[in-house]
Amino acid sequence: MVFYQKLLSLFGVTNLSIPPSWNTHGSTNITQDLLAKLSPNASVTTDLSFAPRWSDYHSPRGSKYVVLVAEEQDVVETVKFANENDLNFFAQAGGHGWTSFDWGKNDIIINLRGLNQAVVNEAKDEILLGGGTLQGEALAEAAANDVFVVAGGFNCVSALGVALGGGLGRWINRYGIHADNIIKVNLVTAEGELIEVSENSHPDLLWAIRGAGPNFGIVTSATMQAHPILNKGQLWEGELTFAADKLEKYIEAINTMNYTEDMTNHWRFALNEHGTPVIVANVFFMSGDVEAARAGFKILYDLEPIADTTEVKQYAHINDGRDALCAHGGRKPAWSVGLKSLDYPSFKTILDEFVKFVADTGIMTTIMQIECYHNDAMRRIGSEGASYPFRDINFYALIIPVYDDASLDPVVETFGSRVNDLWKRSSGYEKQRTYINFAHGDEPLEQVYGDSLCRLSQLKGKWDPLGRFNQWFPIPVPVNEL
Ligand SMILES: Cc1cc2nc3c(=O)[nH]c(=O)nc-3n(C[C@H](O)[C@H](O)[C@H](O)COP(=O)(O)OP(=O)(O)OC[C@H]3O[C@@H](n4cnc5c(N)ncnc54)[C@H](O)[C@@H]3O)c2cc1C
């Protein structure tokens with residue numbers, strides 16, 4: 001179509017509207033022919049607003065069709081149809097992936113949101129999640145059944161989108177990363193076959209999808225572990241705010257704090273209502289015991305926070321009040337790197353440049369967050385069963401400026417890369433490591449796959465030799481298998 005438009009434009013014909021007959025590929029009418037293969041509640045549309053993205057920054061373009069699947073079999077039929085008609089496809093669940101995807105010539109978005117079941121089993125030790133189930137939906141079902149399931153801090157993100165890249169959240173302190181909690185999945189392969197993947201069925205693929213999932217297939221459903229609820233689901237959470245002149249002491253405290261499996265802390269720089277920089281620590285204690293929580297975070301309380309919003313909350317509502325950051329659209333480029341320890345001089349420079357950046361650009365929402373977990377459980381579980389490679393990261397640093405005006409991209413890119421470089425230079429690791437779900441998109445493959453890359457590459461040759469799932473840090477196939 002583009003070719004003909006260009007050709008016609010040579011003869012002065014422009015603004016060509018696309019007649020319905022262009023909805024074809026060879027002799028195939030894509031919408032009608034594909035729809036005929038799908039279940040009654042599935043649909044096919046050329047309206048891309050049915051597959052909204054969280055960030056429009058470098059977001060994939062050029063897709064022509066969105067398939068809104070209603071059953072697992074719809075994914076099978078769509079993949080087979082795409083293969084038969086030489087069309088590319090891309091699976092989308094929550095649409096929150098922020099890395100710079102390479103969709104290339106991507107004809108079909110398979111929107112998995114219709115696969116949104118969340119069901120706790122009778123024994124209350126497993127939860128079945130659909131390929132498009134959101135974390136909030138999983139959490140609600142878990143809370144209703146008095147179990148804990150691993151989930152991140154936002155209800156809007158898809159549960160499996162998070163788990164297939166590794167998965168960080170407050171529950172990893174006790175239960176390991178989200179990928180460790182995957183028991184088995186139903187997966188549609190590159191050839192369009194629906195298979196079960198578990199310890200007993202294709203265990204090599206189970207290892208691969210626990211950290212590099214989007215490269216190996218489309219997970220239509222997953223059985224994940226559910227854990228007995230603790231303390232009747234009572235949790236302690238809130239924000240401690242510190243004056244920015246405490247930064248050196250704060251960094252020292254974070255570096256030396258003894259995290260127990262109850263404790264996490266996600267902290268960030270922010271500007272208060274007077275435009276004064278502050279440090280805001282989101283602290284969390286898994287048992288709702290206020291005294292124990294305050295004792296655990298004593299080292300921070302000793303720094304005399306100027307505000308304290310901590311309170312006891314219920315598990316079902318732990319992510320409430322965070323939906324503002326869930327909104328789709330706008331520009332939200334992200335940079336991230338793993339840190340062994342926090343380097344005060346680097347953070348002081350970042351704070352000063354953060355204040356100047358906000359003043360210069362007017363971009364008031366800039367998430368500059370450091371995530372601190374208790375890592376014993378994930379280290380104890382180890383990498384044998386999962387391709388997720390970086391269980392030795394102590395702190396996850398990420399920066400995400402949020403804005404609308406694309407003309408600000410160059411200044412934002414300069415700032416984001418600069419902050420990331422400061423973190424990299426002081427990361428404490430010889431080889432940089434970045435959690436893949438937080439990555440910008442320009443990192444070398446070793447930086448996101450670590451030591452798992454070689455085995456992942458062999459498995460890619462086995463499961464996706466033609467690279468149909470190559471939109472997200474594509475894993476190369478070994479040369480002798482091409
Ligand atoms: C507001 C926000 C909060 C976040 N919080 C956390 C957090 O607490 N913890 C954390 O670890 N990460 C978090 N992240 C990062 C998150 O893990 C990634 O953005 C993740 O990729 C989002 O998945 P998605 O399905 O919503 O996005 P999508 O863009 O739909 O998918 C991302 C990638 O996963 C693939 N994919 C999704 N579902 C499937 C499936 N069923 N089968 C195969 N491939 C699939 C897609 O093809 C794509 O390559 C957060 C992101 C945002 C924007």
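## Ligand shell, domains and selected residues

The residues of the shell around the ligand divide into 18 nonpolar, 16 polar and no charged. In this classification Ala, Val, Leu, Ile, Met, Phe, Trp, Tyr, Cys and Pro are nonpolar, Asp, Glu, Lys and Arg are charged, and the others, Gly among them, are polar. This is a predicted model: local features need pLDDT of at least 70, side-chain atom pairs count only at pLDDT 80 or more, and totals for chains, interfaces and linings use all residues. Residues are numbered from 1 along each chain as its sequence is written.

**The ligand shell**

The shell holds 34 residues, and the closest are A93, G94, G97, G152 and G161. A residue is near the ligand if its C-beta atom, placed from the backbone, lies within 6 Å of it. Strand 5 (89–92), helix 5 (159–163) and strand 12 are the elements that give two or more residues to this shell. Helices (H or I, at least four residues) and strands (E, at least two) are DSSP runs, numbered from the N terminus.

**Strand 12 and A222**

A222 sits in strand 12, residues 218–225. A222 counts as buried because it has 26 C-beta neighbours inside 10 Å. The cut-offs are 20 or more other C-beta atoms within 10 Å for buried, 12 or fewer for exposed, and partly exposed in between, with C-beta atoms placed from the backbone. Beyond four places in sequence, A222 touches L129, L160, I182 and V185. Contact requires C-beta atoms, placed from the backbone, within 7 Å. V185 is 37 residues from A222 along the chain, yet their C-alpha atoms are separated by 4.1 Å.

**The nonpolar core**

The largest nonpolar core has 138 residues; I110, I127, V149 and I209 touch the most other members. Strand 21 (residues 395–402) gives this core its largest share, seven residues. Such a core is a set of buried Ala, Val, Leu, Ile, Met, Phe, Trp, Tyr and Cys residues joined through C-beta atoms within 7 Å. V149 has contacts with I127, A138, L139, A142, M224 and A226, leaving aside neighbours within four places in sequence.

**Domains**

Three domains divide the chain: domain 1 (35–114), domain 2 (118–229) and domain 3 (232–446). Their bounds come from an automatic or database domain assignment. The C-alpha centres of domain 2 and domain 3 are 24 Å apart. Across this boundary, 28 residues of domain 2 contact 28 residues of domain 3. On the domain 2 side, helix 4 (135–144), helix 6 (172–175) and helix 7 (203–212) each supply at least two residues. Helix 7 provides the largest share of that side, five residues. By class, the side of domain 2 that touches domain 3 has 16 nonpolar, eight polar and four charged residues.

**Helix 8**

Which residues of helix 8 are buried? In this helix, residues 247–256, they are Y250, I251, A253 and I254. They lie on the same side of helix 8 because they cover an arc of only 160° around the axis. The arc is that of the directions from the helix axis to the C-beta atoms. Exposed E248 and T256 are on the face turned away from the buried side. The buried residues pack against strand 14 (234–243), strand 16 (277–285), helix 10 (298–301), helix 11 (344–361) and strand 20 (365–372).

**Loop residues**

Four loop residues are set out below.

| Residue | Loop | C-beta neighbours inside 10 Å and class |
|---|---|---|
| D86 | helix 3 (72–84) to strand 5 | 11, exposed |
| N231 | strand 13 (227–228) to strand 14 | 14, partly exposed |
| I363 | helix 11 to strand 20 | 19, partly exposed |
| R331 | strand 18 (311–314) to strand 19 (335–339) | 20, buried |

D86 has a phi near 55°, a positive value in a residue other than glycine. N231, also not a glycine, has a positive phi near 50°.

Leaving aside neighbours within four places in sequence, I363 is in contact with V358, P401, Y403 and L408. I363 and D421 are 58 residues apart in sequence; C-alpha to C-alpha, they are 21 Å apart.

What does R331 touch, not counting residues up to four places away in sequence? The residues are S55, D56, Y57, Y403, D404 and A406. R331 and Y250 are 81 residues apart in sequence and 31 Å apart in space, C-alpha to C-alpha.

Conventions
Contact = placed C-beta atoms within 7 Å.
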